[in-house]
Amino acid sequence: FADVKTGSTFFQSVFISVVPDPVLEEHQTTVHDVLGLPKKTPEFPHISLFYGDHRKQEIADELRLSGIVKEVEGGISVAGLQGFKLAPPWIVLCDGPVSDWRVLKKLSH
């Protein structure tokens, strides 16, 4: 993982920025192909930890102060993990409250 950051949008309140990887780029291309959309989204791999507009800096700071996020050579560890095994992507409609989100398609390798 690269770092824990806060953003300016609801969907990027507190997140782990992920080091770009060819497999992630392949997944992004596959999702665009399945949806029949041109690839316009930015190259911004990340894992969201918190959605919302309040307390985001406080949450990011607490993750570091509590030791959940630690600096390691080449980036950070989160709860002792320095990366993850990539699973096939899901396409999810994120419209309205989280309880209304719907899985549209689960892709396989």
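1. Let's start with Arg64. In this predicted model, Arg64 comes out at 30% relative accessibility, so it counts as partly exposed. Keep this residue in mind, as the next points come back to it.

2. What does Arg64 form with Asp3? The two make a salt bridge, and their closest N and O atoms lie 2.3 Å apart. The pair ties together distant parts of the chain: Arg64 belongs to helix H2 (residues 56-65), Asp3 to strand S1 (residues 3-6), and 61 residues separate them. Asp3 has a relative accessible area of 25%, so this end of the bridge is partly exposed too.

3. Arg64 has another acidic partner: its side chain also meets that of Glu71 in a salt bridge, at 2.7 Å from N to O. Is Glu71 buried or exposed? It sits at 59% relative accessibility, and because the cut-off for exposed is over 50%, Glu71 counts as exposed. Put these pieces together and you get a network of salt bridges that links Asp3, Arg64 and Glu71.

4. How many salt bridges turn up when the whole structure is searched? The answer is three. Besides the two just described, there is one between the side chains of Arg55 and Glu58, with an N to O distance of 3.5 Å. Arg55 is partly exposed, with a relative accessible area of 46%. Glu58 is also partly exposed, at 47% relative accessibility.

5. Now for the inside. The largest nonpolar core has 12 residues. Phe1, Val4, Val14, Ile16, Val18 and Phe50 are among them, and the list carries on with Ile59, Ala60, Leu63, Val69, Ile76 and Val78. Strand S2 (14-17), helix H2 and strand S5 (75-78) each contribute at least two residues to this core. Which element gives the most? That would be H2, with three residues. So H2 has a hand in both stories, as Arg64 of the salt-bridge pair with Asp3 also lies in this helix.

6. Finally, have a look around Ile76, a member of that core. Setting aside neighbours within four places in sequence, Ile76 is in contact with several other core residues, including Phe1, Val4, Ile16 and Val69. Its contacts also include Asp3, Arg64 and Glu71, the three residues linked in the salt-bridge network. Ala2, Lys70, Leu81 and Gln82 are in contact with Ile76 as well. If you open the model, Ile76 is a handy place to view the core and the network together.

Terms used. Residues are numbered from 1 along each chain as its sequence is written. This is a predicted model: local features need pLDDT of at least 70, side-chain atom pairs count only at pLDDT 80 or more; totals for chains, interfaces and linings use all residues. Side-chain values use heavy atoms; hydrogens and water are left out. A salt bridge is a side-chain nitrogen of Lys or Arg within 4 Å of a carboxyl oxygen of Asp or Glu. Helices (H or I, at least four residues) and strands (E, at least two) are DSSP runs, numbered from the N terminus. Buried means under 20% relative accessible area, exposed over 50%, partly exposed in between (1.4 Å probe, protein chains only). A nonpolar core is a set of buried Ala, Val, Leu, Ile, Met, Phe, Trp, Tyr and Cys residues joined through side-chain atoms within 4.5 Å. Contact means heavy atoms within 4.5 Å.
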